[in-house]
Amino acid sequence: MRILISYEQSYHVYSDALERAISGLRPAADVAACSLAEIGEQVESFDPHLVVSSGPNTVDPGGRAAWYRLSPEPHEPSEACLGGRRWRRLNPPLEDLLSLIDEVEALVRSGRELGGC
């Protein structure tokens with residue numbers, strides 16, 4: 001299970017905190033972080049199963065990875081997409097992200113498609 005975290009440089013503290021939290025709570029996951037400016041090349045080289053980003057999927061729309069746009073602003077909705085299914089929520093707790101990670105991991109193990117996001 002590979003997870004790529006990508007935030008704007010001004011929000012690198014969020015990115016660092018998420019990387020540490022996910023690595024600690026899901027130690028079997030391979031977690032990497034990059035800036036939004038680097039996301040295209042990182043999606044290509046790291047080939048993540050899940051991208052957690054402060055921005056929408058402009059890299060590989062409808063592509064191979066599940067996507068979680070986690071807004072750094074609590075009054076702006078965050079949006080998740082897995083297998084073309086989308087949902088939005090204001091200020092989601094970490095448990096929502098962990099639940100999505102578990103769902104993505106189950107799909108990876110089953111060999112089913114993650115894309116459509």
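## What packs on helix H2

Strands E1 (2-7), E2 (30-35), E3 (50-53) and E4 (66-69) are among the elements that cover the buried residues of H2. This picture comes from a predicted model.

## The two faces of H2

Helix H2 spans residues 39-46. Its buried residues are Ile39, Val43 and Phe46. Viewed down the axis of H2, the buried residues fall within an arc of 95 degrees, so they line one face of the helix. Here, buried means under 20% relative accessible area.

The face turned away from that buried side is another matter. It carries Glu41, Glu44 and Ser45, which are exposed.

What follows the helix? Asp47 sits just after H2. Its phi is positive, at about 50 degrees.

## From E4 to E5

Strand E4 (66-69) helps cover the buried residues of H2. E4 also pairs with strand E5, residues 77-82. The two run antiparallel, joined by 3 bridges. One pairing can be named: Trp67 has Cys81 in E5 as its bridge partner.

## The E5-E6 hairpin

E5 pairs in turn with strand E6, residues 85-90. The sense is again antiparallel, and the pairing extends over 6 bridges. Cys81 appears here too: its bridge partner in E6 is Arg86. Cys81 is thus a link in the description, with Trp67 as a partner and Arg86 as a partner in E6.

E5 and E6 form a hairpin with 2 residues between the strands. In this hairpin, Gly83 takes a positive phi near 60 degrees.

Terms used: Residues are numbered from 1 along each chain as its sequence is written. This is a predicted model: local features need pLDDT of at least 70, side-chain atom pairs count only at pLDDT 80 or more; totals for chains, interfaces and linings use all residues. Side-chain values use heavy atoms; hydrogens and water are left out. Buried means under 20% relative accessible area, exposed over 50%, partly exposed in between (1.4 Å probe, protein chains only). Helices (H or I, at least four residues) and strands (E, at least two) are DSSP runs, numbered from the N terminus. The arc is that of the directions from the helix axis to the C-beta atoms. Contact means heavy atoms within 4.5 Å. Two strands pair if DSSP finds at least two bridges between them.
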